[in-house]
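Colleague: I'm new to this one and would like a close look at a single part of it. Could you pick one spot and walk me outward from there?

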Amino acid sequence: MLVPICNARFFAAAVAAVFFQPSFSEAYELNRAEVTEDNGIIRIIVSATLDAPAEYIRQVLTDYRNIYRLSSSIVETDVIETCRRDETRVRTKIQVCASVFCREVERVEAVRALDSGDLQARIVPEQSEFRSGLAIWKITALDYGSELEYHATLEPDFFIPPVVGVPAIRSSLKAEFSTTVARIEKIASINAERDRSEEHAFEDADIKKTDMPCNRN
C-alpha cells in the first residue's frame, strides 16, 4: 500500500510518539533531528551527545524486556524465541496517537549487534504492521560522554488519515525525540553511578579492613 505524502508525514509523527514522550531536563545535547518522506518511505535521523558511558547506553538499548521505559506509548513488549544465535526478536505493541487518530500497532524486529558494536533492528514484515523497516543505533564513546546516532527507514502497512499539518509535526518531533534521548541518558547514568558506588564500597571495605590485635601472652 502506497501512503500519500501527507499521510506518511503524519505517520512519521505518530511513529515518533512510540519513542518520545514529555521531556525532563538532562545534560544531553540534541545535535540533529530530521524526518523526511519519499514515496511512502519514512526516514528518520537523530544525533545527540549524552553524558553517559557508551557501554551503559548500549545496555539500556539491549534491555529488550524493559524497553517500555523509553516510551509510555509501548503497551506490550516481549522477546520471541528464534533459532538464530546472532539475533534477538523483539515484539512490541505500541499505542500510536496523534490528534483525533489513535490505534495499536504490532511490530516485530530482528535485532543484532554488528561487528562495529552498533545495533541493527530489522522489521519482520510478516509479523508486523509495516511493509519494511531498518534502524541502526550507532554508539560512539567520547572523552566527555558518548554520541548516539539513530538512522531509520519505515514503510507503514496501514492507513493514517491526513489530519495533522507538517509544521506541527516537525515541531512535535523534536520535542519527542529529545525525550527518549533524555530517558536513555538518565537510565544509563543511573546504572553507571550505581556500579561505581558498588565498586567504591568494595574498595573501602578492603581499605578499612584491619588485622586482629596480636596476642601478647
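Modeller: Happy to. Let's start at Asn-31, which sits in strand β1, residues 29-38. Keep in mind that this is a predicted model, so everything here is computed from it. Asn-31 is partly exposed, because its relative accessible area is 41%, and partly exposed covers the range between under 20% (buried) and over 50% (exposed). Leaving aside neighbours within four places in sequence, Asn-31 touches Ser-47, Ala-48, Thr-49 and Glu-147. Take Ala-48 from that list: 17 residues separate it from Asn-31 along the chain, yet their C-alpha atoms are 5.0 Å apart.

Now step across to Ser-47, one of those contacts of Asn-31. Ser-47 belongs to strand β2, and it counts as buried because its relative accessibility is 9%, with the cut-off for buried set at under 20%. Again leaving out neighbours within four places in sequence, what does Ser-47 touch? Its contacts are Glu-29, Leu-30, Asn-31 and Arg-32, along with Glu-147, Leu-148 and Glu-149.

Stay in β2, which spans 41-50, and look at Ile-44. Beyond its neighbours within four places in sequence, Ile-44 is in contact with Glu-34 and Val-35, with Tyr-150, His-151, Ala-152 and Leu-154, and with Phe-177. Ile-44 is also among the residues with the most contacts inside the largest nonpolar core, together with Leu-50, Ile-57, Leu-61, Leu-148 and Ile-184. That core has 41 residues. At least two of its residues come from each of β2, α2 (54-61), β4 (88-98), β5 (101-113), β6 (119-123), β7 (130-142), β8 and α3. The biggest share comes from α3, with seven residues. As background, nonpolar side chains tend to be buried together in soluble globular proteins.

There's a hollow to visit from here too. The structure holds three cavities of 30 Å³ or more, and the second largest has a volume of about 70 Å³. Ten residues would be a fair list to click through, but start with the ones nearest the centre of this second largest cavity: Val-46, Trp-137, Leu-148, Tyr-150 and Val-181, out of a lining of 10 residues. You've already met Leu-148 as a contact of Ser-47 and Tyr-150 as a contact of Ile-44. The elements β2, β8 (145-156) and α3 (166-208) each supply at least two residues of the lining. By class, that lining has eight nonpolar residues, one polar and one charged.

For contrast, hop over to Lys-93 in strand β4. Is Lys-93 buried or exposed? Lys-93 is buried, because its relative accessible area is 18%, and the cut-off is under 20%. Past its neighbours within four places in sequence, Lys-93 contacts Ser-73, Ile-74, Val-75 and Glu-76, plus Glu-104, Val-105 and Glu-106. Lys-93 and Glu-104 are 11 residues apart in sequence, and their C-alpha atoms lie 6.5 Å apart.

Zoom out to finish. The chain has three helices and eight strands, running α-β-β-α-β-β-β-β-β-β-α along the sequence. Of its 217 residues, 45% are buried. Taking contacts between residues at least 6 apart in sequence, 58% link residues at least 24 apart. The chain exposes about 12000 Å², and carbon and sulfur atoms supply 51% of that area.

Technical notes. Residues are numbered from 1 along each chain as its sequence is written. This is a predicted model: local features need pLDDT of at least 70, side-chain atom pairs count only at pLDDT 80 or more; totals for chains, interfaces and linings use all residues. Side-chain values use heavy atoms; hydrogens and water are left out. On a 1 Å grid over the protein atoms alone, a cavity is a set of points where a 1.4 Å probe fits but cannot get out, and a pocket is an open set with protein on both sides within 12 Å along at least five of seven lines; lining residues have an atom within 4 Å of a point. Grid points are joined across faces, edges and corners, and a volume is the space filled by probe spheres set on the points. Helices (H or I, at least four residues) and strands (E, at least two) are DSSP runs, numbered from the N terminus. Ala, Val, Leu, Ile, Met, Phe, Trp, Tyr, Cys and Pro count as nonpolar, Asp, Glu, Lys and Arg as charged, and the others, Gly among them, as polar. Buried means under 20% relative accessible area, exposed over 50%, partly exposed in between (1.4 Å probe, protein chains only). Contact means heavy atoms within 4.5 Å. Accessible areas come from the Shrake-Rupley method with a 1.4 Å probe; for residues, only the protein chains shown count as cover. A nonpolar core is a set of buried Ala, Val, Leu, Ile, Met, Phe, Trp, Tyr and Cys residues joined through side-chain atoms within 4.5 Å.
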